[in-house]
Amino acid sequence: MSNDTTLVLGATGKTGRRIAARLRLRGAQVRTASRSSSTRFDWSDPGSWDVALKDVDAVYMVAPPVPGPAHEFVARAEAAGVRRLVLLSGRGADTWGDSTFGLEMRAAEDAVRGSALEWTVLRPSNFAQNFDEDLFHAPLLAGELALPAGPVPEPFIDVEDVADAATAVLTEPGRHAGRIYELTGPRGITFGEAVELISRASGRELTYRQVSHDEYAAALVGQGWGEDDAHHLVEMFVLMERELISATTDDLATLLGRAPRTFEEYVVRAAAAGAWEIRSEG
Ligand SMILES: NC(=O)c1ccc[n+]([C@@H]2O[C@H](COP(=O)([O-])OP(=O)(O)OC[C@H]3O[C@@H](n4cnc5c(N)ncnc54)[C@H](OP(=O)(O)O)[C@@H]3O)[C@@H](O)[C@H]2O)c1
């Protein structure tokens, strides 16, 4: 069998499932993998990795949830004959210094960038889809998003753009080797402005409330988060406050030959799909 399969890790997630659909549409041979995907892949079970890596040419890699397994995985990928790796990391990962935020992404970057494979790293800003597919969705459904986000703008990126970028890199061998792309939306907006736009498009009264780091960490722990995980997420807001990751870049336009999607486009699409509607029972 030829080694022409693309392995998509995190395949049920926000980026992975969009990338897999794009690759399939182009006729690529795709293997989707995660703990609940058709190919079972669990970062905490190295015994599940080799089946996923069989006959694979390129891997789309979402970092393991904790630092550690990435080096062993990359070594296994090399041994299995994989030629290319595209890693999803985070905006400005080399500026985070001694922050405890994103240690798992930085460990994965070390593993990928230190490998002999043809690698590319994507470092996107905060995803717009966090407001309807992830952490900020439930608070918005309840009417209020309370965060320690402050006045520093964030250039939210549409996950559709992240998927377009990853698909381009995965389908253009040789062109993106050894490149790190810092991917952002076209302009920064505050979380308060983001909630205002969602409120207008969804026709619901939604508010943003500023809270302290400690209040936010306590709220996360109240929702069942571990103390360490809560603290690590608060550290992301500390990085944002330091304006280390707030600037926009041209990398997405360089990669795709077009401007990134706006936050407004995302909001209209998600509102039309009913993302923030309260549905009546029965
Ligand atoms: N959200 C943002 O704003 C943002 C911005 C920049 C970077 N990032 C980075 O993006 C990554 C997340 O990517 P995403 O948003 O596309 O995914 P996601 O929506 O967070 O979903 C996580 C994916 O990983 C899989 N997964 C979770 N635990 C796993 C395990 N132990 N073994 C194997 N697979 C596992 C899940 O599938 P199963 O449950 O089926 O295993 C799912 O497919 C993180 O590294 C995050 O730091 C996020």
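**Exercise 1. Find out what covers the buried residues of helix α10 in this predicted model.**

Solution. Start with the cover: what lies over the buried residues of α10 includes α9 (213-222). Next, pick out the residues being covered: in α10, Ala230, Val234, Leu239 and Met240 are buried. Now check the helix itself. α10 runs over residues 227-241, which makes 15 residues, and it reaches 21 Å from its first C-alpha to its last. That is close to the 21 Å expected at 1.5 Å a residue. Finally, look just past the end: Glu243 follows α10, and its phi is positive, near 60°.

**Exercise 2. Work out whether Thr171 is buried, exposed or partly exposed, and list its contacts away from its neighbours in sequence.**

Solution. First, place the residue: Thr171 sits in helix α7, residues 159-171. Then count: Thr171 has 14 C-beta neighbours inside 10 Å. A buried residue needs 20 or more, and an exposed one has 12 or fewer. With its 14, Thr171 therefore counts as partly exposed. For the contacts, skip anything within four places in sequence; Thr171 is then in contact with Arg26 and Ala28. As a last step, try a distance: from Thr171 to Ser44 it's 29 Å, C-alpha to C-alpha, and the two are 127 residues apart in sequence.

**Exercise 3. Describe the shell of residues around the ligand.**

Solution. Begin with the total: 26 residues lie around the ligand. Of these, Gly13, Thr15, Ser34, Arg35 and Ser36 come nearest. Now sort the shell by type, and you get 10 nonpolar, 12 polar and 4 charged residues. To finish, ask where they come from: helix α1 (residues 14-25) gives the largest share, 3 residues.

**Exercise 4. Decide how the compactness of the protein chain compares with that of a globular protein of its length.**

Solution. Take stock of the elements first: the chain has 12 helices and 9 strands. Its radius of gyration is 19 Å, and the globule rule gives 19 Å for 282 residues, so the chain is as compact as a globular protein of that length. For the overall dimensions, follow the principal axes: the C-alpha trace spans about 55 × 45 × 40 Å. Then look inside, where 41% of the 282 residues count as buried. Last, check the contacts between residues at least 6 apart in sequence: 77% of them join residues at least 24 apart.

Definitions and conventions: Residues are numbered from 1 along each chain as its sequence is written. This is a predicted model: local features need pLDDT of at least 70, side-chain atom pairs count only at pLDDT 80 or more; totals for chains, interfaces and linings use all residues. Helices (H or I, at least four residues) and strands (E, at least two) are DSSP runs, numbered from the N terminus. The radius of gyration is taken over C-alpha atoms; the globule rule is 2.2 Å times the number of residues to the power 0.38. Two residues are in contact if their C-beta atoms, placed from the backbone, lie within 7 Å. A residue is near a molecule or strand if its C-beta atom, placed from the backbone, lies within 6 Å of it. Ala, Val, Leu, Ile, Met, Phe, Trp, Tyr, Cys and Pro count as nonpolar, Asp, Glu, Lys and Arg as charged, and the others, Gly among them, as polar. The expected span of a helix is 1.5 Å times one less than its number of residues.
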